[in-house]
Amino acid sequence: MVSPIVEAPAPTVSSTPGLLPPSRSQVSVRGVGKRFAARKGAAVVALEQVSLDILPGAFVSVVGPSGCGKSTLLLAIAGLERPTSGSIVVEGEEVKGPFPRMGIAFQRDSLLEWRTVLDNVLLQADLRGRSRSGYIERGRALLQMVGLEAFASHYPHELSGGMRQRVALCRALLHEPTLLLLDEPFGAVDALTREQLNVDVSGICEVSNVTTMLVTHDINEAVFMADAVVVMTSRPGTVAGIVEVDAPKPRTHGFRSDPAFLRAATAVRELLEATGGFRR
Amino acid sequence: MADVLSRSTETPSGPDEPVETPTRLRHVIQRGWVGQVGLVLVSVVAIVAIWELVVVVFSIPKFTLPAPVSVASTLFHSTGSISSDIAVTVEETIVGFAAAIVVGIPLAVAIASSRLVERLVYPMLVTSNAVPKIALAPVFIAWFGLGSVPRVVMAAMLALFPIVISTVVGLVGVDPALILLGRAADAGSSRIFRLIRLPAALPSILGGLKVGVTLALTGAVVGEFVGGNTGLGYVIEQAQGNLRMSLAFAAIVLLAVIGVVLFYLIDLLEHLFLHNRRKAS
């Protein structure tokens, strides 16, 4: 299963030819494992021998049942969680801490209630110790892109869940990241807003030309936005397989009834069923 | 327009129709500022009236329970002569409260950011809080003499605990995702503290200050009971010794006023700092 966008070599072949040359892949995960020490009994194995390559500009979804380690994998790539084995290389550099040109957004929008919408977006510059004056214009432009320019001086509690999540996305993109990591960013919004956000984010990522990794437990969402879907199984978390979604981006609402979408979604479901992610 | 006018004259027409004026009146009474103050006045007047009635009906002697009228008269005539005592008590309370903030908040920051400090200091703090601090008043007098120092120490001691606890709770309770966000942006712990932790903990800290400022007043008065010859606590003790109950009650009313004013000063700070935030959900 060789994909032009994502490749998951068999666990043992990290040195075998056939892998993408490291210079071509933006994120390269090799044999990554993560164990959490348990207070009693055996350690919990969150990830075991996970390998994959993500090409520049790709949108990759990672989908799998709860506890399959997909969030742990994202945090490891983000440099926020140290793997217990294997290595992760982002843009040619071994990950030892947060990669400077990385943007991240979590399930809860994590907006600061005491900052206005624009100030929340500019938090990215503040946290990095950069002068915010150089970012105000970009902050406003990002807000305009997600249709929130009129809300720049509003406070988060005045916004709906979907609007808040779009602000969080602007914050993640403020410093022009080359890698965007989304950890279930649409988990807390209602179903209709979620479908709209899927379209919005698909467009934004395409425009920003940012490589994106989305972790989700929603198969339709995973397929809708992605070039390729990495399916994981749990206990221990491993890559069960990769399903390609062969259709141009950005995606629009109509893509949900496109044969390519349905084919890929079915393939993901079958893969989950075959690997025990679904009970028959 | 005509339609609206004609309808408003027709209502209320039946039992199911919302009766507008009484509802709005109730709304103003419950929500409006004037309504709130009005309600407080009603309850105060009611209590004073019952008090007066009880004293008259049961002909309670003046040295047991003075009637509100005589307390009011004493308040009017003696407030001048005890003004220095009022000032002393207010000053002790404020200085003690300030000392509790200066010691308590950095201590709380240290406890919240270091496991070691937490394990070293927390049990001691809990133990010292478990000791009835009034029992320490004579010890403080032996250590610091009869001046204002033991009272200030007492005020600070009482205010310290709620300030430390609520600051620690606020700092530790910050959403872990916010901290992760800071770490992802490669912010150091001091920058995360300044931009995220401290502002996130502010509501909790101010809550602790509200409890603390009232306890500081209690501490100052307890200190005055035990030693020295100034302050409203001393005035109450003397008045009780001389069977001048109306003076004792006048001082108690003054203490209540001081306590309420200090409380609402912190409340005002809270409104200034937190007016933009979501109401407690």
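In this predicted model, strand β7 of chain A runs parallel to strand β8 (residues 179-183) of the same chain, and four bridges join the two. One of the residue pairs can be named: Gly103(A) has Leu180(A) as its bridge partner in β8(A). The pair belongs to a wider arrangement, an open sheet of six strands in chain A with the order β7-β8-β9-β4-β10-β11 and mixed pairing. At its edges stand β7 (102-105) and β11 (238-244) of chain A; each has a single partner strand, so one side of each is left without a neighbour in the sheet. On average, and with direction ignored, neighbouring strands of this sheet are turned by 15° against each other. As general background, the strands of a sheet pair through backbone hydrogen bonds, in either a parallel or an antiparallel manner.

It helps to set this sheet within the chain as a whole. Chain A holds seven helices and eleven strands. Of its 280 residues, 55% are buried. Among contacts in chain A with a separation of 6 or more, 71% are between residues 24 or more positions apart.

Leu180(A), met above as a bridge partner, appears again in the nonpolar interior. The largest nonpolar core has 54 residues, and those touching the most other members are Leu143(A), Leu180(A), Val201(A), Val223(A), Val229(A) and Val268(A). For Val201(A), the residues touched, not counting those up to four places away in sequence, are Phe59(A), Leu169(A), Leu182(A), Phe186(A) and Met225(A). Another core, of 47 residues, lies apart from the largest one; its members include Phe106(A) and Leu123(A) as well as Leu178(B) and Ala187(B).

Phe186(A) is also a contact of a charged residue, Glu221(A). Glu221(A) is found in helix α6 (residues 219-225) of chain A, and its relative accessible area of 1% is under 20%, so this residue counts as buried. Leaving aside neighbours within four places in sequence, Glu221(A) is in contact with Arg194(A), Asn198(A), Leu214(A) and Thr216(A) in addition to Phe186(A). Two cysteines are buried too: Cys170(A) has a relative accessible area of 2%, and Cys205(A) has one of 5%. No disulfide is counted in any chain, the cut-off being sulfur atoms within 2.5 Å.

Helix α2 (residues 117-127) of chain A is mostly covered, with ten of its eleven residues buried. Among the buried residues are Val117(A), Leu118(A), Val121(A) and Leu122(A), along with the polar Asn120(A), Gln124(A) and Asp126(A). Leu123(A), also buried in this helix, is one of the members of the 47-residue core. The packing partners of the buried α2(A) residues come from both chains: α3 (136-145) and α4 (161-173) of chain A, and α9 (176-184) and α10 (189-226) of chain B. Just after the helix, Gly129(A) takes a positive phi of about 70°.

The contact between the chains involves 22 residues of chain A and 19 residues of chain B. About 2,000 Å² is buried between chain A and chain B, and carbon and sulfur atoms give 65% of this area. On the side of chain A, Leu80(A), Trp114(A) and Leu127(A) supply 34% of the area buried against chain B, more than any other three residues. Leu127(A) is also one of the buried residues of α2(A).

Terms used
Residues numbered from 1 in each chain as written. Chains lettered and ligands numbered in written order. Predicted model: local features only at pLDDT ≥ 70, side-chain atom pairs only at ≥ 80, totals over all residues. Heavy atoms only, no water. Buried < 20%, exposed > 50% of the residue type's maximum accessible area, 1.4 Å probe, protein only. Pairing = 2+ DSSP bridges. Axes fitted to C-alpha atoms, helices over the stretch in contact; angles between N-to-C directions. Core = buried A, V, L, I, M, F, W, Y, C linked by side-chain atoms within 4.5 Å. Contact = heavy atoms within 4.5 Å. Buried area = accessible area lost by both parts, 1.4 Å probe.
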